[in-house]
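Here are a few exercises to work through with the model open beside you. Try each task before you read its solution.

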Amino acid sequence: MRAINLTDVDIRLAAQDVRGSMAHAEMLAACGIITAADNAAIQKGLVQIAQEISDSKFNYRPEHEDIHMKI
């Protein structure tokens with residue numbers, strides 16, 4: 001049985017984590033907790049991160065706590 005590498009698991013979850021973070025920012029804006037401008041900036045950054053993940057250019061290393069904290 002192969003040992004599970006958390007980096008492998010986290011990278012497989014990265015795209016879903018980005019989508020969840022995007023939805024969370026949308027909800028915070030809708031509730032008035034963050035401004036529309038803040039939401040737009042967060043969305044733009046998350047789109048960039050999603051592209052880096054898709055292009056296998058996202059800099060994630062095992063010493064990072066987990067994929068969510070890195071994103």
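**Exercise 1: overall shape**

The protein chain has a radius of gyration of 14 Å, whereas a compact globule of 71 residues would be near 11 Å. That radius is taken over C-alpha atoms, and the globule rule is 2.2 Å times the number of residues to the power 0.38. This is a predicted model, in which local features need pLDDT of at least 70 and side-chain atom pairs count only at pLDDT 80 or more, while totals for chains, interfaces and linings use all residues. Residues are numbered from 1 along each chain as its sequence is written, and side-chain values use heavy atoms, leaving out hydrogens and water.

Task: work out what spans the C-alpha trace has along its principal axes, and which elements the chain holds.

Solution. Start with the spans: about 50 × 20 × 20 Å. Next, the elements: there are three helices and zero strands, giving the pattern α-α-α along the sequence. Helices (H or I, at least four residues) and strands (E, at least two) are DSSP runs, numbered from the N terminus.

**Exercise 2: confidence**

Task: find which element has the lowest mean pLDDT and which the highest.

Solution. pLDDT is the predictor's confidence in each residue, from 0 to 100. For the whole protein chain the mean is 88, with 90% of residues at 70 or more. Going by element, helix H3 (residues 67-70) is lowest at 82 and H2 is highest at 96.

**Exercise 3: the core**

Task: list the residues of the largest nonpolar core and say which helix gives the most.

Solution. A nonpolar core is a set of buried Ala, Val, Leu, Ile, Met, Phe, Trp, Tyr and Cys residues joined through side-chain atoms within 4.5 Å. Here, eight residues qualify: Ala-14, Val-18, Leu-46, Ile-49, Ile-53, Phe-58, Tyr-60 and Ile-67. Two elements supply two or more of them, helix H1 (6-30) and helix H2 (36-54). H2 gives the most, with three residues.

**Exercise 4: Leu-46 and Ile-53**

Task: decide whether Leu-46 is buried or exposed, then find what Leu-46 and Ile-53 touch.

Solution. Leu-46 sits in helix H2. Its relative accessibility is 7%, so Leu-46 counts as buried; the cut-offs are under 20% for buried, over 50% for exposed and partly exposed in between (1.4 Å probe, protein chains only). Now the contacts (heavy atoms within 4.5 Å). Skipping residues up to four places away in sequence, Leu-46 touches Val-18, Ser-21, Met-22 and Ile-71. With neighbours within four places left aside, Ile-53 contacts Ala-14, Val-18, Phe-58 and Ile-71.
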